[in-house]
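Please report on selected local features of this model. Cover a helix, a pocket and the backbone exceptions.

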Amino acid sequence: MGNKSADVIIVGLGAHGSASAWQLAKRGTAVIGFDAFTPPHSLGSSHGDTRVIREVYAEHPDYVPIVMRGYEIWRELEEAAADDFPETARAGAGAFGELLRITGGITMGRPESDGIRGMKRSADEHDLEIEILDPSEIRKRWPQFEPRDNMIGAYDSRSGVLFPEKCVSAHLGQASKEGADLHYNEPVRSWRPDGDGVRVFTDHGEYTADQIVFSAGAWNPGFVSKLNLPFRLERQVLFWFQPAGSPEMFRPENSPNHSWEWSPGQSLYCQPDFGGGVKTAFHHEGEMFDDPKDLDRTVRESDERSLRDAISDIIPQLNGRVLRSAVCLYTDTPDRQFLLDWHPGHRNVIICSPCSGHGFKFASVIGEMVADMATKGDHGYDAPLIQIDRLLSDESQTECPDD
């Protein structure tokens, strides 16, 4: 028990908190980080063996410069962690020490689908290359895919796969190496302003800092509840399939990431088989709830059946045995964009997340953005779509923080 102090306290050490800890610590900033569990773990939103990274960003062109910097920092992290990669990072897909693998990625849907239109918009605004392919061209290049005749594909050669457990482990290992004081299995129970800084309370003691970063994903709403931010949690179920036919065609050397708007407004994604099966899941459309304690982690027969029905005609050779399944969650904003901004009443309180189910690929650069906010007062990007004002009611802008 007792007091400890730092320049910055980070609450939540998953994707974005671990990245923030490294970026701050390597600048010489005194960091204390807390996680309620032992990361990397499977209880939040920073797990699942593989995650997509893509440059031609369909969700909004404003993300493109951010994710381009993200690619650079992932490679910097690979290099930094090459000699002393944490033992915990040995688990998961990919070669030892590999964090990012370029596979290419294709989005398929009707020409008017959100994904296709979004990729074209980002490519046009940022002068990026994409290939637009008709169904026959898709089938010829990747015979394991069976797009419907009314579908086209948009191919991004820079798309790839991140290995999330390894990424989190690498960030935490490098943060510790740079002097960050990381506390696992020590949940933050409460916090309050303390003069010009903040005070944090756990079961092990009290901690003070000049600034605090909330990067706890689904647990963030509980720390800033008086702001009444319109966050919702969404149940997501992941499956790893053993292909029923031509398994070699689903290996990374023969298969890009592929996502499908299989029905208007409904999409699913698949990632190559790195040895543990083809990861496949719906993107959004999950059950909504408000508290992470209420997440139903049981994989239901209906979860599997609905996914099999969706892939049965567009990826028929994938529809084989389920090797593994898991439940995770998204933390969503109403517009499904990010939140990275200061608390409206406290310039020393940074709210980092939610990311609405598409944020892991940005973790490396979001860590840098958080570090810039804490040390320079500005993250350096013109990105109003991630600001907090759009999410605040008139009443919440005048509320005091929780204490």
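## Helix 8 and its surroundings

Helix 8 has 14 residues, which at 1.5 Å a residue should span 20 Å; its end C-alpha atoms lie 19 Å apart, so the two values agree. The model is a predicted one. Helix 8 is mostly covered, with 12 of its 14 residues buried. Buried here means under 20% relative accessible area. The buried residues of helix 8 include Ala-363, Ser-364, Val-365 and Ile-366. Charged side chains are also on that list: Glu-368 and Asp-372 are buried in helix 8. Just after helix 8, Gly-377 takes a positive phi of about 85°.

The loop leading into helix 8 has a feature of its own. Pro-354 sits in this loop, between strand 20 (346-352) and helix 8 (363-376). The peptide bond joining Ser-353 and Pro-354 is cis, with omega about 20°.

## Backbone exceptions

Most peptide bonds are trans, and most residues other than glycine have a negative phi. Several places in this model depart from that pattern.

A second cis peptide bond can be set beside the one at Pro-354. Pro-39 and Pro-40 are joined by a cis bond, with omega about 0°. Pro-40 belongs to the loop between strand 2 (31-34) and strand 3 (51-53).

Asp-127 and Glu-285 have positive phi values, although neither is a glycine. The table sets them out.

| Residue | Phi | Loop | Relative accessibility |
|---|---|---|---|
| Asp-127 | about 55° | between helix 3 (114-126) and strand 6 (131-133) | 71%, exposed |
| Glu-285 | about 75° | between strand 16 and strand 17 (288-289) | 45%, partly exposed |

Why does Asp-127 count as exposed? Its relative accessibility is 71%, and the cut-off for exposed is over 50%. Glu-285, at 45%, is therefore partly exposed.

## The second largest pocket

Glu-285 also appears in a pocket lining. The second largest pocket has a volume of about 220 Å³. Strand 13 (232-242), strand 16 (278-283) and helix 7 (301-311) each give two or more residues to its lining. How many residues line the second largest pocket? There are 15, and those nearest its centre are Val-237, Phe-282, Glu-285, Gly-286 and Asp-303. Val-237 falls within strand 13, Phe-282 within strand 16 and Asp-303 within helix 7. Glu-285 comes from the loop between strand 16 and strand 17.

What is the chemical make-up of this lining? The residues divide into 5 nonpolar, 5 polar and 5 charged.

Notes: Residues are numbered from 1 along each chain as its sequence is written. This is a predicted model: local features need pLDDT of at least 70, side-chain atom pairs count only at pLDDT 80 or more; totals for chains, interfaces and linings use all residues. Side-chain values use heavy atoms; hydrogens and water are left out. On a 1 Å grid over the protein atoms alone, a cavity is a set of points where a 1.4 Å probe fits but cannot get out, and a pocket is an open set with protein on both sides within 12 Å along at least five of seven lines; lining residues have an atom within 4 Å of a point. Grid points are joined across faces, edges and corners, and a volume is the space filled by probe spheres set on the points. Helices (H or I, at least four residues) and strands (E, at least two) are DSSP runs, numbered from the N terminus. Buried means under 20% relative accessible area, exposed over 50%, partly exposed in between (1.4 Å probe, protein chains only). The expected span of a helix is 1.5 Å times one less than its number of residues.
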